[in-house]
Amino acid sequence: MAMGLIIVRGPGTGQTFTLGAEPVIVGRESQMAKFVIADSAVSRRHAQISRLGDAYVIEDLNSTNGTFINAKRVVGAVPLTPGDLIELGTAVTLSYDSFDYDNVTMLALNQGKVGELVEDIVQQEYFQQLQEQMKRLRRKSDSK
């Protein structure tokens, strides 16, 4: 089962990125990042996601606006769990989850042809659930 990222808030909402064995830098500049998010609140080299055994970890790369997992600031290498919400500053939110697709869909994802697949893969109800989860986490974080 492949793991990946889905932009759930910010520029490119619905865009997906399948993770593999190689580390992935997330950032706004294509020459420095494999997963590019065109937003000025995202640093050129914002965060790195690396495989560690059968799991993935995320590290902030001294970004200007910080990286947060479920509303908690990332310090050092933090393990990712399916369903985690990754915030890049305050403008972009990614969801880390499993991509359990058939071969045709995986080929389309790997070729970057997700436009027509996004509605089938990531339905509006899923986005609403993620937004509600973000609100709950923010309220919980603000109350501390």
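Here are some questions and answers about how the features of this predicted model earn their names.

The model is predicted, so local features need pLDDT of at least 70 and side-chain atom pairs count only at pLDDT 80 or more, while totals for chains, interfaces and linings use all residues. Residues are numbered from 1 along each chain as its sequence is written, and side-chain values use heavy atoms, with hydrogens and water left out.

Q: What makes up the secondary structure of the protein?
A: Let's start with the rule: helices (H or I, at least four residues) and strands (E, at least two) are DSSP runs, numbered from the N terminus. By that rule the protein has three helices and eleven strands. Along the sequence they follow the pattern β-β-β-β-β-β-β-β-β-β-β-α-α-α.

Q: How do you know that β1 and β11 pair, and in which sense?
A: Two strands pair if DSSP finds at least two bridges between them. Strand β1 (residues 2–9) and β11 have seven bridges, in the antiparallel sense. One example is Arg9, whose bridge partner in β11 is Thr93.

Q: Which strand is joined to β1 by three bridges?
A: That is β2, which runs antiparallel to β1. Ile6 has Thr16 of β2 as its bridge partner.

Q: How many bridges does β10 share with β11?
A: Four, again in the antiparallel sense, with β10 covering residues 85–88. Ile86 is matched with Leu94 in β11. The two strands form a hairpin with three residues between them, and there Gly89 takes a positive phi near 65 degrees.

Q: What is the order of the open sheet of six strands?
A: The order is β2-β1-β11-β10-β7-β8, with antiparallel pairing. Here β2 (16–18) and β8 stand at the edges; each has a single partner strand, so one side of each is left without a neighbour in the sheet.

Q: Why is β11 called largely enclosed by the rest of the structure?
A: A residue is buried under 20% relative accessible area, exposed over 50%, and partly exposed in between (1.4 Å probe, protein chains only). Seven of the eight residues of β11 (residues 92–99) are buried, so the strand is largely enclosed. For the protein as a whole, 42% of the 144 residues count as buried.

Q: What is the order of the open sheet of five strands?
A: The order is β4-β3-β5-β6-β9, and the pairing is mixed. The edge strands are β4 and β9 (78–79), each with a single partner strand, so each has one side without a neighbour in the sheet. At the β9 end, β6 and β9 pair in the antiparallel sense over two bridges, and Val57 has Pro79 of β9 as its bridge partner.

Q: What makes the contact of Glu87 and Arg9 a salt bridge?
A: The name asks for a side-chain nitrogen of Lys or Arg within 4 Å of a carboxyl oxygen of Asp or Glu. Glu87 and Arg9 meet at 3.8 Å, N to O. Glu87 lies in strand β10 and Arg9 in strand β1, so the pair ties together parts that are 78 residues apart in sequence.

Q: Is Glu87 buried or exposed?
A: Its relative accessible area is 9%, so Glu87 is buried. Its partner Arg9, at 24% relative accessibility, counts as partly exposed.

Q: Which residue forms a salt bridge with Arg44?
A: It is Glu29, with the closest N and O atoms 3.5 Å apart. Arg44 lies in the loop between β4 (35–36) and β5 (47–52) and Glu29 in the loop between β3 (24–27) and β4, so the pair ties together parts that are 15 residues apart in sequence. Arg44 counts as partly exposed at 44% relative accessibility, and so does Glu29 at 26%. The count of salt bridges comes to two.

Q: Why is Asn62 called exposed?
A: Its relative accessible area is 75%, so Asn62 is exposed. Asn62 sits in the loop between β6 (55–60) and β7 (67–69). Its phi is near 55 degrees, a positive value in a residue other than glycine.

Q: Why does Asn70 count as partly exposed?
A: Because its relative accessibility is 22%. Asn70 is found in the loop between β7 and β8 (72–73). Although not a glycine, Asn70 has a positive phi of about 50 degrees.
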